[in-house]
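Subject: Structure handover

Hello,

Here is the structure for your work. My notes on it follow below.

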Amino acid sequence: MAMSIQLATAAGGLVSLGVGVGDVAAIISYGKRIGNWWTGPSGDAELLKLLDEDGNSVFQRRGLLDIQAFNKRWRKQIDLLANGRPLRLQEKEIEKVLGDPKALVQDLSVFTGVMTCLVAVLDQFTSNSAVRSIIHDALRDLLKLHEGSEDILRSHYPSRLNAWRSIACLRGLNHAVEKCRAELIKRGNILSGRMPEAESSHMGQFIRWLLGTNEPGFKTASSDVAGVAVCLRSLGLDSLQVQADGFPEISYGECTVIYSKQPFLHDSTTIPPYNDRLALLERHMVVTIPLQHPEETVSVFPISLECQNQCRTAWKCGQSAAKTVAIGFYVPVRDTSFVGSSLELRYTIVDRGNGVKRTSAGLDAIVRTYGLVKNRELVDALNETLGSTQPEILSWLYSDLRNSRDISNPDMTDKQKIDAFCVFQSFFMGYYYTVFGRLVCTSSLLSQTVEGAWGFREPGFLDYMASLFGENRNAARLVEVDSPHRKTDCRVLTKRNILSVLARLFLGKSVESDLANSSVSCLGIVGKRTLLSNSLLGKCSSPKAVASFTLLDVDVGGIPRDHSGLIRAGLQSIPFKFKDLKLDQSERLAHIGVNEKSPEEDVTLNIEPDWEGNPDTSLLCARYKGRRVATFSPAVADMSFCDSYISPRPQPHGSSIGRRSTLARAVEVDISAIIENTPALPLLHEDVDFPIIFQAFDQPCLRYFATVFYKDSRAITYLATDSVERAMDEALSRQGNRKKLCTTIIVAGMADNSETDIPKYLVDGFMTYEIPGNTV
C-alpha cells in the first residue's frame, strides 16, 4: 500500500526511477521559488485564475494545437540532471517502473503547451532578453488585463518563463527545434546566427497574428519569422504553414506565413545595400560550432568557397599552434594579488614551445596582441596562414582591429580585407577553442554543437582576448616560471576570467559585468546550455577534475542561480564540533601498522539552495546511504581539496602500484564519526607524533568532503593518493620535520592515480597542475 501511494506521486516516481532524494527535494523547492517543469502546469493555472482567464479562450485562433496528440508525443522522454549526471529516460523505461508515464510527466494544457513551444523555438533564434520581451508583450496583449492585473502578470512572469523553458528542456522540445533549425540553415532556407533584438517587434507581430487573430496570412521578409513558423509546426502546431521559394509547396491555408526570401542575404557573390549589410552583420554575433568538425563553422559565412577553404585550413593551423600552449591551475592559499576573489583557483597559461626567431613587424604585433603565449610555433603557424597576405592588408588587419574597427562597418566592402579578416579570425578561433576546450567536457551533449559569441566580421571576441592577454592586458598577470622545458612566461588568470572566456566560447554569451558585481565565487552559468564546475557533479577524484567544467543540455531546474544565470557558492555550514583529546586518550586510541580502509559505499553529493543564507546560492549536501550528513560550500571544498592534495609518485612506464603503504601508528576515524547524532571530531594532543587517518579509501566524493571537516580547526589535512606513508612524510616536511606535529589528518588514498604523468611546476611558489584533455 505504501509503495502504491509513493508511485502515485511524481516525487515518488522520480525516486523510483533512481533520482536521489536530495535532487528531488531541490527540484520541488526551487520549482516553487523560481519556476521549473515541476510547477509548470500548476503555476500557469494559478496565474490564469488570478487573472480571471479561461485557459481555453486565451488564444483566439482555434485548432492550433491538438493537445492530446501533443501530450502523447512529448511525454516519451525526460532529460534532467540527477545524481550528478545527465539522466535521459525514454517512455518505455518510465512505464516499466511506474506503469503510467503520467505519474511523472503530467499532461499540459493548451495554454502551457503553446507557450512552451514558443519559448523552445524563440530560444534557438534570439537572445534570452529578446525572448523575455517578446513573450511578455504578447501575453500582455492576449490576456484581458483588469485593474491591477498588470502587476500580477509582471510578478508571475519570470517564474512562468523559467517553467516553460524547463519543460521544453526536460521533454526534448529544444533538441527537436535545434535539429529542425540546423536543417533549414543547411538547405539555405533561413539565415544562421541570432535574430537581432531590433527585429523583436516584427516577431511580436507574428505571434500576435498567430495567437490573437484568425487572419489567414502573414507576410514577412524575415528569415527568422519563417524559421520560427517551420519549427513551431515541427513541434505540433500543425495548422501553421510556410509558403516560400525553396520550401515544400503548399496550398494557401487558414494559417499561412508568406515568406519573401531576400536572395542577396544568402548569396556571397552579391553586395547587398547598406541597410541589409548592417542587418547581416548584426545577426552573426553568435555562431554554431560543430564540435566534431569545428572548422566547418565558417561554412555559413557569406564568403566565397575559396575563402571558406582558406578559413578551414587556418582553423587547423591554429589548432596546431595551440599544442605548445599548456593550461593549468594552482591554489593561491597565500596569494593576495587578486583582491576580492580569495576563494577561487588561479589558472595558468604556460608556453611549452620554442623561442621566437626574427619575424615581420606585422606578425609580431599580432602575436603580442592575440597570442596566449609568444613562441616560434605560433609565429610559424601564423606565417603559414597569413604569410602570402599583402603587407598593406596585414598592416590594416592589425591596426584596424585595435583602432578604426573598419571591419564591422557596413560601408566597408573591400573583399580582400574581408577575406583576410575571416582567415585571421578562423586561425585564432581554432587556437582558442583548442586551448580552452581542454577545460570543458562536452561528451554528454545530445547534439555535439555549441554556441560561440563571435561571428562574421565581428571582432568583439578578439578584442576581449587582447584585453586579457595582449600587451595592454587588464586581467592576466605575467610571471616567470621554470616549466618542464625552459624558463618562460606564464599568464595567471582568476576563475572568473576563465568562466568569462568559456561563456563566450561555449554558451554564446558575455558574463563579465555580471561576474564583476559580486565577490562570491561563481561555480557555473545557466543559459540555453549549462556550464558547471565538475565538483557540483561529484567529479572530484583529482585536482584536474575539480578545476575543470562540464557542459550540459538537460534540465537543471533544481540548481539555484541568480537573475543573470550565474551559479554562486553559498556560505560554509559544516556543523561538526571538535573534541580535544588529552595525551593519554590520544595514546590509547592509536594503533600500530594502520592500513587504509574503505567504507561500504561513497557519499552522494547533491546541489541545494543555501536556505539559511541566500537561497539563490548553492551548497553541496553530503548524504551517506541516503542519510543527510552536512551541507558545505563547494568553493571552499575545491580550494581545500587541491591545497591538501599530495601528488602520486611517478611510476616507471608500464608498471603499477604494488602493495599499499601503511602508517606506523595512527588514530583511525571513519564515516561513523560524522553520522552520529552529535558528531565531534577528535583533535590529538599536541605532544603526539602520529596522525589521524580518515578512512575513505577509493571513495572520491567522501575524500573530497573530508578535506573540509577540519577546515576551521587547528588540524592540517593531507590528501593521500598512492601512499599514506608519503603523505605523512610530506606533513613532516611541511611542518619543518618537527617531532611534535600539529594535529595531522591523513585522508586515505585512491587505487587509481592516473595523474602521475601530468606535468607540474611552481608558479609564485605554488604547485601548478597542467590540464591535458580533449580539445575542440
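To begin with the cavities, the largest has a volume of about 160 Å³. This is a predicted model, and what follows should be read as computed from it. The lining of that largest cavity is made up of 18 residues, and D23, L81, A82, G558 and I559 are the closest to its centre. Three elements each supply at least two residues of this lining: α3 (21-34), β1 (77-82) and β19 (604-609). By class, the lining of the largest cavity has 11 nonpolar residues, five polar and two charged.

The count of cavities of 30 Å³ or more comes to four. The second largest has a volume of about 70 Å³. Its lining consists of W37, P41, L104, V105, Q106, L108, I167, L170 and R171. Seven of these residues are nonpolar, one is polar and one is charged.

Next, two helix pairs.

Helix α14 (residues 305-321) packs against helix α16 (residues 376-386) at an angle of about 170°, and their axes are 9 Å apart. Angles over 145 degrees count as roughly antiparallel, so α14 is roughly antiparallel to α16. On the α14 side the contact involves A314, C317 and A321, and on the α16 side E377, L378, A381, E384 and T385. Sorted by class, the contact of α14 with α16 has five nonpolar residues, one polar and two charged.

Helix α15 (residues 361-370) and helix α19 (residues 460-469) cross at roughly 80°, and their axes come within 7 Å. With 65 to 115 degrees counted as roughly perpendicular, α15 is therefore roughly perpendicular to α19. Here R368, T369 and Y370 in α15 meet L462, D463, A466 and F469 in α19. The contact of α15 with α19 has four nonpolar residues, one polar and two charged.

Some single residues are also listed here for you to look at.

R312 lies in helix α14, the helix that packs with α16. Is R312 buried or exposed? Its relative accessible area is 16%, and the limit for buried is under 20%, so R312 is buried. Leaving aside residues up to four places away in sequence, R312 touches E295, E296, V298 and S299.

The other two residues concern backbone angles. Most residues other than glycine have a negative phi. N83 is not a glycine, yet has a positive phi of about 55°. N83 sits in the loop between β1 and β2 (85-90), and β1 is also one of the elements that supply residues to the lining of the largest cavity. With a relative accessible area of 29%, N83 is partly exposed.

D698 is likewise not a glycine and has a positive phi, of about 65°. Where is D698 placed? D698 is in the loop between β24 (692-694) and α25 (700-706). Its relative accessibility is 33%, and partly exposed covers the range between under 20% and over 50%, so D698 counts as partly exposed.

In short, the places to open in your viewer are the largest cavity, with a volume of about 160 Å³, the contact of α14 with α16, the contact of α15 with α19, and the positive phi values at N83 and D698.

Regards

How values were computed. Residues numbered from 1 in each chain as written. Predicted model: local features only at pLDDT ≥ 70, side-chain atom pairs only at ≥ 80, totals over all residues. Heavy atoms only, no water. Axes fitted to C-alpha atoms, helices over the stretch in contact; angles between N-to-C directions. Helix = DSSP H or I, 4+ residues; strand = E, 2+ residues; numbered from the N terminus. Parallel < 35°, antiparallel > 145°, perpendicular 65-115°, else oblique. Contact = heavy atoms within 4.5 Å. Nonpolar A, V, L, I, M, F, W, Y, C, P; charged D, E, K, R; others polar. 1 Å grid on protein atoms, 1.4 Å probe; cavity = no way out; pocket = protein on both sides within 12 Å on 5 of 7 lines; lining within 4 Å. Points joined across faces, edges and corners; volume = space filled by probe spheres on them. Buried < 20%, exposed > 50% of the residue type's maximum accessible area, 1.4 Å probe, protein only.
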